[in-house]
Amino acid sequence: MSVAVVLFTADLRLHDHPPLHAAVASADEVVPLFVRDPAVDRAGFAAPNRLAFLADCLTDLDAGLRERGGRLVVRHGDTVTEVCAVARETGAGEVHVAAGHSAFARAREDRLRRALAADGRQLRVHDAVTSVVPPGDVTPQGSDHFAVFTPYHRRWSGVPLRAPLPAPRTVRVPPGLRSDEPPARASVAGVSPAVATGGEREGRGRLRAWISQDLDAYEDRHDDLAGDATSRLSPYLHFGAVSATEAVHLARTRGGPGADAFVRQLCWRDFHQQVLAARPRAAVEDYRPRNDRWRRGAEAEEDLRAWCEGRTGYPVVDAALRQLAHEGWMHNRGRLLTASFLSKTLYLDWREGARHFSGLLVDGDVANNQLNWQWVAGTGTDSRPHRVLNPVLQGRRYDPDGAYVRRWVPELAALPGASVHEPWKLKGADRAAYDYPDPMVDLSEGLARFRRARGRN
Ligand SMILES: Cc1cc2nc3c(=O)[nH]c(=O)nc-3n(C[C@H](O)[C@H](O)[C@H](O)COP(=O)(O)OP(=O)(O)OC[C@H]3O[C@@H](n4cnc5c(N)ncnc54)[C@H](O)[C@@H]3O)c2cc1C
């Protein structure tokens, strides 16, 4: 009786899962294994919102496996030690895993390969599980990665995709194998009030509904803050509850400008992954240093606190930050304008903003969070690194009726239309009626300070 182990990491699904597919095809019995590794938490994963979503994903994965005659085996401890122990207990000859691209994942993979080999077992690493096109598969001449999105997108779009795989019909798990308690959402403290439900079932439902009902309008509506017309698939993609490859296939099959725009966004995901895979230090260091001397000291700390708490006095900035605190998710336009406000208008270190996002985002991951922050701060891959978004103009443009601000900043709910974007223009008793702070910084002063700092005055 041959046995194979499938180690689940950021690929918590049964459909379109190359490691599981290969294991089921090649072995009589399969151990679907997830290891709750404290080292992953220490590496920055352990935000309550993500732990809650993870718990949903594992519960759902277990349920899906049980429907197929199997179950999920959970172990707590060091990944390498636990995988080797399970392989030994079951006599498994092979361990299948999705390729990881962060420095952490690659170091873990190397350790696992060596430990298994020392035991006479093999690690089989599968590409294109967590990304559509694996980092390093398309490179420009003379470099190990693309530093500019547009040529990357062109090359990426021409790469032939593997066909999505069906979920296995049955999974036979060796009997009698110990499993630790999987984490439960209810036991996670400090979760934001409206974090989405995790899991493959939920994710696939959203993906199907999105492709059939909303995709066509995506190109026109993706920046409409109040309309909330993006897919909200990012947490499912982050945990691998939805396959990015399958999402691209479905969108391309539907076709049209909405599909093209959506697939382009999925390409951004791979773009950042291939930058981080080639330059792991970009998680913490400026990708393109600009000699910034970010503000520090007590006043800077107070400004950071006001920004984190959504009380900057710029309604659209505060609305987006409060959405983040409430849902563990923020609209992309909100992420852009709040990040620009922090790193440019307030001239605070992008790492501080990235840390706050990472503490709350359900989809928070090192590649997308850090590199998008760098992109906005002008230390990353943006070809216009010194542009500054004006929050009043952004509000008027992307929330023209003010509905998004009224939804998230209830203090201003009585202000009509676009006037909600500039409450400071109210006079006397009218202004006093609103318990909402004045702008913490004058926009032209913030702009001048940033320009000086970047030597552009
Ligand atoms: C400062 C900042 C921080 C960000 N941090 C993260 C993060 O930690 N995790 C994360 O997944 N995204 C991050 N993004 C990218 C983007 O804002 C989110 O992916 C998007 O808002 C998720 O919503 P959605 O699923 O409805 O996206 P849709 O608009 O429906 O896009 C579909 C998918 O494409 C991908 N995508 C879209 N935009 C980007 C982008 N700019 N970069 C990379 N992938 C993208 C996501 O996987 C997304 O789910 C960040 C953006 C900024 C400006």
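Author: In this predicted model, the C-alpha centres of domain 1 and domain 2 lie 25 Å apart. The contact between these domains takes 16 residues from domain 1 and 16 residues from domain 2, and on the side of domain 1 that touches domain 2 the residues divide into seven nonpolar, four polar and five charged.

Reader: What are the bounds of the domains in the domain assignment of the protein?

Author: The assignment gives domain 1 as 3–130, domain 2 as 132–161 + 201–278, and domain 3 as 298–453.

Reader: How do you know where the ligand lies with respect to domain 2 and domain 3?

Author: Domain 2 and domain 3 both give residues to the shell around the ligand, so the ligand lies between them. There are 28 residues around the ligand, and those that come nearest are Thr230, Ser231, Ser234, Asn369 and Asn372. Two or more residues of the shell are given by each of the elements α9 (234–238), α11 (257–278), α14 (332–345) and α16 (366–377), and α11 gives the most, with six residues.

Reader: What is the make-up by class of the shell around the ligand?

Author: The shell around the ligand has 11 nonpolar, 12 polar and five charged residues, where Gly is counted among the polar residues.

Reader: Why is Arg232 called partly exposed?

Author: A residue counts as partly exposed when its number of other C-beta atoms within 10 Å falls between the limit for exposed, 12 or fewer, and the limit for buried, 20 or more. Arg232 has 16 C-beta neighbours inside 10 Å, and therefore counts as partly exposed. Its place is in the loop between α8 (218–221) and α9, and Arg232 has a positive phi of about 55 degrees although it is not a glycine.

Reader: What makes Tyr347 a buried residue?

Author: The cut-off for buried is 20 or more other C-beta atoms within 10 Å; Tyr347 has 21 of them, and is therefore buried. Tyr347 is found in the loop between α14 and α15 (350–360), and has a positive phi of about 50 degrees although it is not a glycine.

Reader: How do you know that the buried residues of α7 line one face of the helix?

Author: The buried residues of α7 are Glu200, Gly203, Arg206, Leu207 and Trp210. When α7 is seen down its axis, these buried residues fall within an arc of 125 degrees, so they line one face of the helix. They pack against α3 (48–67), α9 and α10 (244–254), whereas the face of α7 turned away from its buried side carries the exposed residues Arg208, Ala209, Ser212 and Gln213.

Reader: Why is the span of α7 called close to the one expected?

Author: The expected span is 1.5 Å times one less than the number of residues, so the length of a helix in residues sets its reference value. For α7 (residues 200–214), which has 15 residues, 21 Å is expected, and the helix reaches 20 Å from its first C-alpha to its last, which is close to that value.

Reader: Why is Leu443 called partly exposed, and not buried?

Author: Being buried would require 20 or more other C-beta atoms within 10 Å, but Leu443 has 16 of them and is therefore partly exposed. Leu443 lies in helix α20 (residues 443–453) and, not counting residues up to four places away in sequence, touches Thr345 and Asn390.

Reader: How far is the C-alpha atom of Leu443 from that of Gln273?

Author: The C-alpha atoms of Leu443 and Gln273 are separated by 34 Å, and the two residues are 170 residues apart along the chain.

Notes: Residues numbered from 1 in each chain as written. Predicted model: local features only at pLDDT ≥ 70, side-chain atom pairs only at ≥ 80, totals over all residues. Near = placed C-beta within 6 Å. Helix = DSSP H or I, 4+ residues; strand = E, 2+ residues; numbered from the N terminus. Domains from an automatic or database assignment. Arc of directions from axis to C-beta. Contact = placed C-beta atoms within 7 Å.
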